Structures are given as C-alpha cells and as structure tokens.
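Here's a quick look at some empty space and some helix packing. Have the viewer open while you read.

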Amino acid sequence: MGGSFDHHQWKKAVVMALLLVCFFNVLVGPSAAARLQRTIESGSNSSGGEPSRRHLLANGLGLTPPMGWNSWNHFSCKIEEKLIRETGDFFFCRRKLLPADAMVSTGLAALGYKYINLDDCWAELNRDSQGNLVPKASTFPSGIKALADYVHAKGLKLGIYSDVGTQTCSKTMPGSSGHEEQDAKTFAAWGIDYLKFDNCNNNQSPKERYPTMSKALLNSGRSIFFSLCEWGQEDPATWAKPIGNSWRTTGDIADNWNSMSSLADQNDKWASYAGPGGWNDPDMLEVGNGGMTLGEYRSHFSIWALVKAPLLIGCDLRAMDRATLEILGNKPVIAVNQDKLGIQGKKVKKDGDLEVWAGPLSNNRVAVVLWNRGGSAAAITAYWSDIGLKPTTIVNARDLWAHSTQKRVSGGKLSANVNSHDCKMYVLTPQ
C-alpha cells in the first residue's frame with residue numbers, strides 16, 4: 001500500500017509547516033490552512049532530504065504550471081517557420097490557418113495554453129563572426145524576432161531551446177556554454193518568453209552549469225521562464241528552485257503506456273518540492289500522437305494535471321481530432337492543474353495495479369484520480385482517510401470526465417468501476 005496524507009513524515013519540516021499555515025490562515029481561512037498543514041506533515045519525501053519552499057527564482061513567473069505547445073514530441077528536428085505559423089482548422093473547417101491560429105481557433109488559448117515553444121534544431125550549426133546564434137536560413141528565413149512578434153500579436157508567448165553544453169542534443173546547433181550572457185541578451189532582444197535548457201555535451205555537473213544561465217536571464221532585461229532539462233539525473237527538485245521555474249525529474253517520455261506510467265512514478269517522489277514558482281516536470285504531453293488508447297491518454301492528462309506538471313502539448317495541432325481536443329481542452333481538469341493553492345498531488349494508495357492519487361485544492365476541495373493500471377476493469381475505492389478528509393465528511397463529487405455530480409457522498413469513501421488503463425477523476429467539495 002502507498003502512503004497517505006495521514007502518515008507521519010517530514011518531522012524536520014514542522015517549523016516550515018506552521019509558517020505556511022499562518023500564511024494560508026490569512027488567505028483562505030483556518031480550514032484550508034489545516035488541510036495544508038496535514039498535507040505537509042504527511043507528504044512523501046523519498047529522497048530523505050528536506051523540502052525547500054523558501055527560495056524561488058526571482059523572476060515572478062510560473063505561479064501556476066506553464067501551458068502551451070512544444071515541437072519536439074511530434075516533429076523532432078523537422079521544424080520550420082511555416083509550421084509555427086501555419087496549421088489547419090482541424091475540426092469543422094479545413095481551411096488553412098496560422099500554429100498560433102490553431103491555439104486561438106480551437107479555444108486552447110482561452111483555456112490557458114499560451115506558450116508556443118521551439119525545441120532543438122532551429123539554428124545554424126555555427127555562430128556568426130560576433131558569436132551570436134543564427135536562426136537557420138532555410139527553415140526560419142524571417143528570423144526569430146519576426147516570429148515572436150507574430151506570436152505576441154496573437155496574445156501568445158514564444159519559447160525557444162538551447163543547451164548547457166557546447167552543442168545541443170541533436171548536434172545540429174551550438175549550445176550556450178561560454179555564451180550564456182550573450183545568448184540571454186539575444187533571446188531578450190528577440191522577445192523570447194520561455195527557455196528550455198537541455199543538458200547534452202556537458203562534462204560539468206548541472207548544479208554548476210545551470211546557475212550561469214539563470215543569472216544571465218535575470219540580467220537580460222526580460223522576464224523569461226527558465227525550464228531546466230537535466231533529466232532528473234542529479235535530483236534537481238532538491239536544488240533547482242532558486243535557479244529555474246521548472247525542472248525535469250525524468251528522462252524523455254515516449255508515446256506509449258509503459259513510458260508514461262513509469263515517468264509518473266518517478267516524478268511522484270519529488271512532490272514535496274513543487275509549488276508556485278517552481279514545478280516538477282515529468283516531460284511533455286504525448287496526447288494525440290497515436291501511440292496510446294484514449295483511456296491511456298485520459299490517464300496521462302489526468303495525472304499530469306493532478307501533479308501540477310507543465311501542460312505542454314506535443315502533437316500536431318493541425319491534425320488534432322475531436323477526441324484529442326476533448327482531452328486537452330477539458331476545462332475542469334485544467335483547473336486542477338492551475339489551482340492557486342499549487343500543491344502537487346501524489347499517489348496515496350496502491351493495491352496491486354489499482355491506485356488512488358489525490359491532492360488538496362483551494363477552498364477546502366480535494367482532487368482525486370482513481371487509476372487502473374491493470375489489464376481488466378476493476379472497482380477502485382478512495383477512503384477519506386487516504387485523502388485527508390474526516391470520516392464523517394459529506395462531499396459532492398464532481399466527475400471531471402463524465403461531467404456529472406454525485407451529491408452528498410457519505411460513508412467515508414468514494415468508489416467507481418474503472419476500465420483497464422483508464423481513470424476516473426473527481427473534485428470533492430465538502431458540504
């Protein structure tokens with residue numbers, strides 16, 4: 001059986017817990033503060049370290065997990081200006097629009113998806129004579145500044161990619177090693193809003209290399225979200241909060257069930273370290289890329305939302321079908337991810353392949369995912385003792401995928417039949 005919100009852990013965090021309780025008593029009242037205290041005192045800290053909530057990167061960004069789109073999972077190195085500007089009206093009309101237009105026309109922008117992020121392979125192999133990065137002329141002929149201007153005109157934000165080493169992971173463009181200040185100023189001049197910073201071709205510890213770019217971005221004159229991508233190799237959750245706004249806790253995701261579910265487990269043990277301004281990142285979304293069933297994609301999106309992971313779409317927006325949009329566009333599930341309390345949900349109970357994941361939300365609510373990782377349909381039960389509720393609590397249970405409500409659920413538990421490789425997701429509101 002997994003841990004629950006009521007087990008006694010993190011004794012070293014008592015003082016910090018009391019300070020946070022005082023803070024939330026002021027903001028949301030004593031009941032919510034008490035729930036937060038229970039969560040802190042009982043949450044899992046598998047690394048044996050002490051959670052750090054006191055120091056944040058001083059750029060004011062990432063108060064909720066970032067949402068947007070990234071090119072890598074679907075397109076890899078095959079990116080070009082035309083792709084970033086152009087997409088199809090995937091649903092009713094088939095007329096050509098522009099990837100920023102897709103974010104707007106599908107309603108994704110209104111739901112909070114704001115970042116359009118270029119990944120690797122956008123630049124020439126060599127810097128210019130002044131040492132500047134050069135957009136690849138064959139694929140980005142208008143340059144990055146013009147692309148950023150276009151994206152900003154849509155009310156969206158543009159992200160870009162670089163690497164802590166001498167070259168990026170593809171080895172098709174330079175890394176930023178030794179050029180951090182120069183590159184940060186270039187990104188700021190172009191109007192970049194987000195930097196994914198990879199860890200290839202680097203012989204030094206990420207703990208030593210990443211702070212250099214962090215400081216350079218802070219000195220660039222522009223607020224740029226800083227996403228560390230060192231694949232969790234040196235447990236960045238324990239040291240990256242003063243340096244970045246998010247940090248990868250895992251290796252790269254693949255578009256299959258085993259990869260996705262394994263990354264969820266790897267990310268889970270770092271739950272105590274995430275919060276507003278700094279988030280654990282189990283890698284980007286694969287929803288819509290075709291390697292999983294709808295139930296598996298629904299599980300993927302539900303767990304990523306619950307654990308406050310960045311929601312970065314990784315499919316081709318121009319080819320997105322109704323089923324994919326219904327997953328990525330589920331407003332109540334997104335609201336769990338973006339909840340202002342900012343506490344990462346976690347696995348609280350495990351019975352073989354049947355799991356309960358849960359986390360507290362603002363206004364004394366609790367988000368719950370009943371996840372069936374087994375090969376056949378089964379009943380899964382979440383007991384109030386597993387999720388931080390008193391045994392006598394009566395709740396309204398909102399099913400976020402069925403869009404229905406069970407009113408006045410009592411008896412200290414919630415049960416549901418869940419299909420194989422699928423989930424149910426609820427928000428429980430005490431009455």
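Let's begin with the second largest cavity in this predicted model. Its lining is made up of Asn70, Asn117, Tyr194, Lys196, Ser227, Arg248, Asp281, Asp283, Met284 and Leu312. Sort those by class and you get three nonpolar, three polar and four charged residues. The space inside comes to about 70 Å³.

Next up is the second largest pocket, with a volume of about 150 Å³. Its lining has 15 residues, and Trp72, Asp119, Lys196, Asp198 and Asp252 sit closest to the pocket centre. Lys196 turns up in the cavity lining too. Which elements each supply at least two residues of the pocket lining? They include α3 (72-75) and β6 (194-198). As for chemistry, the pocket lining splits into six nonpolar, two polar and seven charged residues.

Here are the two spaces in one place:

| Space | Volume | Lining by class |
|---|---|---|
| Second largest pocket | about 150 Å³ | six nonpolar, two polar, seven charged |
| Second largest cavity | about 70 Å³ | three nonpolar, three polar, four charged |

Now for the helices. α8 (residues 180-190) packs against α9 (residues 206-218) at an angle of about 40°, and their axes are 8 Å apart. That angle is why the pair counts as oblique. The crossing is right-handed. On the α8 side, the contact uses Glu180, Glu181, Asp183 and Ala184, while α9 brings Arg209, Thr212, Met213, Ala216 and Leu217. By class, this contact holds four nonpolar, one polar and four charged residues.

Key. Residues numbered from 1 in each chain as written. Predicted model: local features only at pLDDT ≥ 70, side-chain atom pairs only at ≥ 80, totals over all residues. Heavy atoms only, no water. Axes fitted to C-alpha atoms, helices over the stretch in contact; angles between N-to-C directions. Helix = DSSP H or I, 4+ residues; strand = E, 2+ residues; numbered from the N terminus. Parallel < 35°, antiparallel > 145°, perpendicular 65-115°, else oblique. Left-handed = near helix turned anticlockwise from the far one by under 90°. Contact = heavy atoms within 4.5 Å. Nonpolar A, V, L, I, M, F, W, Y, C, P; charged D, E, K, R; others polar. 1 Å grid on protein atoms, 1.4 Å probe; cavity = no way out; pocket = protein on both sides within 12 Å on 5 of 7 lines; lining within 4 Å. Points joined across faces, edges and corners; volume = space filled by probe spheres on them.
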